[in-house]
Amino acid sequence: MKKQAKAAPAGHAHDHEHCVEDAIAAAEKLCAAKDLRFTPLRRRVLELVWSSHKPVGAYALLDSLRNEDLGSAPPTVYRALDFLIENGLIHRIERMNAFVGCSHPGEAHRGFFLICAECGNAEEMEGEGVSATIAAAASSRGFTAREMTLEVTGVCAECQKAA
């Protein structure tokens, strides 16, 4: 699978159109390969999640969808979000109860995020070394790690420059 462009590292002037296009293309390819339906609502929710690198909550998505004829009832939107998560197209940022686009769709990987406390952008990072360290530490205690999500808050480079 063609690797999707990485999320911009909290670039405040970043144009997200390319990110959205890459995310939609990756979703279409993944759904075709798995014989899954990529409905208009699922597509639109993915577009809205990728419209910024800031995590977006379900109710903000509902507000955006309210004037669109796609079925914006909360259960419908939550089902679309569940579909996108289950198929590795978005991630849920637990501490914010919000969603962010996956920069490695269709690839097995862990969700590690750098979240800027100033601007709110979230950058997904690769961290196989981090995964191995956590798995080894867990294993030394007789624990088998199955899923890992790491959310690190701090201040991004752009916000540090602006300070």
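## Burial and surface

In this predicted model, 39% of the 163 residues of the protein chain count as buried. The accessible surface of the chain comes to about 9,200 Å². Carbon and sulfur atoms account for 51% of that area.

Contacts along the chain can also be sorted by sequence separation. Taking contacts between residues at least 6 apart in sequence, 57% join residues at least 24 apart.

## Overall layout

The protein chain has six helices and five strands. Walking along the sequence, you meet these elements in the pattern α-α-α-α-β-β-β-β-α-β-α.

## Nonpolar cores

Which residues touch the most other members of the largest nonpolar core? They are Val-45, Leu-46, Leu-61, Leu-81 and Leu-84, out of 26 residues in that core. At least two core residues come from each of helix H1 (17-34), helix H2 (40-50), helix H3 (58-65) and helix H4 (74-86). Val-45 offers a good view of the packing: leaving aside residues up to four places away in sequence, Val-45 touches Leu-61, Leu-65, Ala-80, Leu-81 and Leu-84.

There is also a second core, separate from the one above and made of five residues. Among them are Val-100, Phe-113, Ile-115 and Ala-122.

## Salt bridges

How many salt bridges does the count come to? The total is six. One of them sits within helix H2, where Arg-44 and Glu-47 lie three residues apart, about one turn of the helix. Their side chains meet with an N to O distance of 3.1 Å. Both partners are partly exposed, Arg-44 with a relative accessible area of 24% and Glu-47 with 23%. This pair also belongs to a wider arrangement, as salt bridges with shared partners join Arg-44, Glu-47 and Glu-68 into one network.

Arg-66 and Asp-63 form another salt bridge, and their closest N and O atoms are 2.7 Å apart. Is Arg-66 buried or exposed? Arg-66 counts as exposed because its relative accessibility is 52%, and the cut-off for that label is over 50%. Asp-63, at 48%, is partly exposed. A further salt bridge links the side chains of Arg-92 and Glu-94, at 2.4 Å from N to O. Here again both residues count as partly exposed, with relative accessibility of 29% for Arg-92 and 48% for Glu-94.

## Aromatic rings

If you are looking for aromatic pairs, a search of the whole structure finds zero. One ring does have a charged neighbour: Arg-42 lies over the face of Phe-83, at 3.7 Å from the ring centre.

## A buried glutamate

Glu-151 is worth a look in your viewer. This residue lies in strand S5 (residues 149-154). Why does Glu-151 count as buried? Its relative accessibility is 17%, and buried means under 20%, so the label applies.

What does Glu-151 touch, not counting residues up to four places away in sequence? The list is Arg-92, Ile-93, Glu-94, Arg-95, Phe-113 and Ile-115. Two of these, Arg-92 and Glu-94, are the partners in the 2.4 Å salt bridge, while Phe-113 and Ile-115 belong to the second core. Glu-151 and Glu-94 are 57 residues apart along the chain, and their C-alpha atoms are separated by 8.2 Å.

## Positive phi angles

Two residues other than glycine have positive phi values to check in the backbone. For Asp-35, phi is near 55 degrees. Asp-35 is found in the loop between H1 and H2, and at 71% relative accessibility this residue counts as exposed.

For Asn-97, phi is near 50 degrees, again a positive value in a residue other than glycine. Where is Asn-97 placed? Asn-97 is in the loop between strand S1 (90-93) and strand S2 (98-101). With a relative accessible area of 46%, Asn-97 is partly exposed.

Terms used:
Residues are numbered from 1 along each chain as its sequence is written. This is a predicted model: local features need pLDDT of at least 70, side-chain atom pairs count only at pLDDT 80 or more; totals for chains, interfaces and linings use all residues. Side-chain values use heavy atoms; hydrogens and water are left out. A nonpolar core is a set of buried Ala, Val, Leu, Ile, Met, Phe, Trp, Tyr and Cys residues joined through side-chain atoms within 4.5 Å. Buried means under 20% relative accessible area, exposed over 50%, partly exposed in between (1.4 Å probe, protein chains only). Helices (H or I, at least four residues) and strands (E, at least two) are DSSP runs, numbered from the N terminus. Contact means heavy atoms within 4.5 Å. A salt bridge is a side-chain nitrogen of Lys or Arg within 4 Å of a carboxyl oxygen of Asp or Glu. Rings of Phe, Tyr and Trp (its six-membered ring) pair if their centres lie within 6.5 Å; planes under 30 degrees apart count as stacked, over 60 as edge-to-face and the rest as tilted. A charge sits over a ring if NZ of Lys or CZ of Arg is within 6 Å of the ring centre and within 35 degrees of the ring normal. Accessible areas come from the Shrake-Rupley method with a 1.4 Å probe; for residues, only the protein chains shown count as cover.
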